[in-house]
Amino acid sequence: MKWIAWSLLLLNVLLFGYFNLSKAPPTPQLASHQPLDPEKIKLLTPKEIEELPKKSAEAKPAESVPPAPEQLSCYEWGSFSLANLPRAKNILTKFSLDATVKQQSSQDATRYWVYLPRQPSLQKAQAKVEELKALGVEPSVIVQEPQWRYAISLGVFKDEQLATKLLEEVKSKGVVSAVKGIRNQEKGQASLLINNMSADNAAEIDKLKPDFPGSELKQVNCQ
């Protein structure tokens, strides 16, 4: 009788479990899930992977680089007569430059000049400059200084031998009217020592040679 009772109990347990499992809710299907199509899957070769477009790295904004400080140097400009010295100093004032006056002896101030004598007019001087260029003689400068206005300077030298050499060269090219003379031999010559001048300002001042025949601008060691 006992085994019949145990059999009925076991049967009830099995029936209870069966009915509970049959009532379990079905597993919901994800709406976004789509079945894969195996025939559309393609394996890429290493070469094809390498050729795929790469996403460029996000460009970083360029860092602003501060401008390099302007290089300043020291120059000596001269020499000048006592009459021309104030005019030269006024030019430096227009460039906001300070200068120290350096007195020169007559020997230091002497310059040897190769030039063509004064022409009747500016037009005649300009025509003569074109003739010189055609002969292969340049540079040449039309002098504006009142005493030598419209003379044509071919070169100014501290060394007389260099002036003599230039004179021989231009004469060999057919410039028969060229002569050599002495510039800045008078007493009281002086030059200007300029500190902290930029290369741009130096180039502008160097263009003023026609206004100051016999002068030169050269870079020197700062003192």
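Arg111 and Glu216 pair up in a salt bridge, with 3.7 Å between the closest N and O atoms. This contact reaches across the chain: Arg111 sits in strand 3 and Glu216 in strand 8, 105 residues apart. The two ends see rather unlike surroundings, since Arg111 counts as buried at 5% relative accessibility, while Glu216, at 30%, counts as partly exposed. As with everything described here, the pair comes from a predicted model.

A search of the whole structure turns up 6 salt bridges, and two others are worth a look here. Lys128 meets Glu131 at 3.4 Å, N to O. That one stays local, with both residues in helix 5, 3 residues apart, or about one turn of the helix. Lys128 is partly exposed at 22% relative accessibility, and so is Glu131 at 45%. Lys180 and Glu160 form another salt bridge, their closest N and O atoms lying 3.2 Å apart. Here Lys180 belongs to strand 6 and Glu160 to helix 6, so the pair ties together parts 20 residues apart in sequence. Lys180 comes out as partly exposed at 32% relative accessibility, and Glu160 likewise at 35%.

Strands 3 and 6 also turn up in the sheet. Four strands make up an open, antiparallel sheet, in the order 4-5-3-6. Strand 4 (141-142) and strand 6 (179-183) are the edges, each pairing on one side only. Strand 3 (residues 111-116) runs antiparallel to strand 6, and 5 bridges connect the two; Trp113, for instance, has Gly181 in strand 6 as its bridge partner. Helix 5 (residues 122-134) packs on this sheet, touching strand 3, strand 4 and strand 5 (152-157), and its direction makes about 65 degrees with that of strand 5. Helix 6 (residues 160-172), for its part, lies across strand 3, strand 5 and strand 6, at about 145 degrees to strand 5.

Then there is the covalent link. The search of the whole structure gives 1 disulfide, and it joins Cys74 to Cys222 with an S to S distance of 1.9 Å. Cys74 is in strand 1 (residues 72-80) and Cys222 in the segment after strand 8 (216-220), so to speak a long way along the chain: the two are distant parts, 148 residues apart. The link is right-handed, with 105 degrees about the S-S bond. Cys74 is buried at 3% relative accessibility, whereas Cys222 is exposed, with a relative accessible area of 51%.

Notes. Residues are numbered from 1 along each chain as its sequence is written. This is a predicted model: local features need pLDDT of at least 70, side-chain atom pairs count only at pLDDT 80 or more; totals for chains, interfaces and linings use all residues. Side-chain values use heavy atoms; hydrogens and water are left out. A disulfide is a pair of cysteine sulfur atoms within 2.5 Å. Buried means under 20% relative accessible area, exposed over 50%, partly exposed in between (1.4 Å probe, protein chains only). Two strands pair if DSSP finds at least two bridges between them. Contact means heavy atoms within 4.5 Å. Axes are lines fitted to C-alpha atoms, for helices over the stretch in contact, and angles run from 0 to 180 degrees between N-to-C directions. A salt bridge is a side-chain nitrogen of Lys or Arg within 4 Å of a carboxyl oxygen of Asp or Glu.
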